[in-house]
Amino acid sequence: MTASTNHSGFLHPLRVAIIGSGPSGFYAAEALLKQQGFKVQVDMFDRLPTPYGLVRGGVAPDHQKIKSVIAVYEKIAAMSGFRFFGNVALSRDISVEDLRRCYDQIVYAVGCEKDRSMGIPGEDLARNHSATAFVGWYNGHPDYRHETFDLSCEKVAVVGVGNVAMDVTRILAENPEHLAKTDIAPYALEALRRSRVKEIYLLGRRGPAQAAFSLAEIQELGHLEGADLVVRPQEAAIDEVSKPELSDPVVKKKTDYLISQSGQGMGSKPKKIYLRFCVSPVEVLGSSGKVQTLKLEKNILLSDGRGGVKAKGTGEFETIPVSLVFRSIGYHGVPIAGVPFDTKSGHIPNDQGRVLDSQTRQVRPGEYVVGWAKRGPSGLIGTNRQDSYATVNLMLEDAMAHSGSWGRAEQEDISQVLAARGIRAVTFADWKVLDRLEVERGARFGKIREKFTSVEEMLASLTSEPV
Ligand code: NAP
């Protein structure tokens, strides 16, 4: 890397490592590279050879419009000062110590990779899955390509009513031929074509006014070609404790939609999505080690004393005869060696983005966090932009305050560290080769893209293709 003098007189660029290449990482890179104060070198790392995090591995294949945000990230990757190091994992290939040696600042943009468990008996039964695994599986994520889902049963429960639950339900209920031209993993398309799933119970523990789904997502479920969205009128009705929430126009639109939907009855389409409210799973019951039914407790809604509404069990139970359960109750972070982690909240402890030591709660100089790893698993893709820019503002403030100590000429370049360890880092140009190959493979099947689903396959393709 060549040091350069820039208009503010600094001899060397500020060197920043961003760990993770999802939306929050890219927006942090954008904020750093667009600022005018001084020159910044951004190196972005991903443990996979492919960039874009949940935009590639999480956004559903029938939501290509959402995925089109990738064009913005491509522009950021093309900015001067940006380098991508795919197939390089923090704690597997490089350590925080390596990063401290090579960079002035580190940004953790690692998201929340795991699911939360329901904490009820029977969760270890076969056919009880996390939505995370199902989403990763149909999206061809290398971590989940070997998962299996028994779609030979007719009745399925999806626990939780957030947007991930909407995605899972839609993929299960949708005509698979609508997915055939997308970038869905080929094995998932085949499994969905053979699926016998007919009834999906979508379970919210609180009421319609507290449902986490977006209006567009619930309306999409109401407009599926082969499935009816069935809502019980008594469960769509707004109780007294929830009425103040209707002053929020978004909540009002969603609850109005549900009330109108509840007037549609059972409908006449072959598949049914039973959207339920005020029910909590309390036990997964099975036989021969496999899920057979799900026991639910009816809830009432109470004020939580902080302006919100909480669910409380009534002691009244029912069972639903489902043979497959997907829990979609939010994500949870995964600790990384050398990086502070709060086991309770599941994210990296921080003060507005400045990483804090887990024990002392003191700021760890030069370490920052953005996205879900900073604030928890909430918000849409665009939410991350403002959030990453806010962290970068603090980074620039800190960099100016310590300008004498950054950009040291003796800093090692990480590519030398990786080369010395024999690690095959995937550059952005390499990724563009994989991208082209995926699109070409897709064209052969009439699909927009046929993803590589294994890291080995990706690396092998790169050795046989000129960059
Ligand atoms: P989420 O929006 O936080 O929803 C989690 C759901 O799980 C809520 O309904 C929650 O109910 C429920 N829940 C939590 N703990 C539970 C328990 N123990 N028992 C029963 N239910 C429980 O999370 P998400 O769906 O994983 O989505 C994560 C973020 O990604 C969200 O911001 C979402 O909007 C975004 N996303 C967006 C899209 C899109 O734009 N199309 C797609 C996917 C994801 P309570 O409300 O009662 O806690």
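## Exercises on strands and a helix

In strand β2, F45 is the bridge partner of I19. This is a predicted model, where local features need pLDDT of at least 70, side-chain atom pairs count only at pLDDT 80 or more, and totals for chains, interfaces and linings use all residues. Residues are numbered from 1 along each chain as its sequence is written, and side-chain values use heavy atoms, with hydrogens and water left out.

**Exercise 1.** Find how β1 and β2 pair, and which strands stand at the edges of their sheet.

*Solution.* Start with the pair: β1 (residues 14-19) and β2 (residues 40-45) run in the parallel sense, joined by six bridges. Strands are DSSP runs of E with at least two residues, and helices are runs of H or I with at least four, numbered from the N terminus. Two strands pair if DSSP finds at least two bridges between them. Next, read the order of the open seven-stranded sheet, β3-β2-β1-β4-β18-β17-β16, which has mixed pairing. β3 (82-85) and β16 (350-351) stand at the edges with a single partner strand each, so one side of each is left without a neighbour in the sheet.

**Exercise 2.** Work out why β9 is largely enclosed.

*Solution.* Five of the five residues of β9 (residues 227-231) are buried, so the rest of the structure largely encloses this strand. Buried means under 20% relative accessible area, exposed over 50%, and partly exposed in between (1.4 Å probe, protein chains only). Now look at directions: A227, L229 and V231 point one way, D228 and V230 the other. Finally, five bridges join β9 to β10 (residues 271-276) in parallel, with A227 opposite K271.
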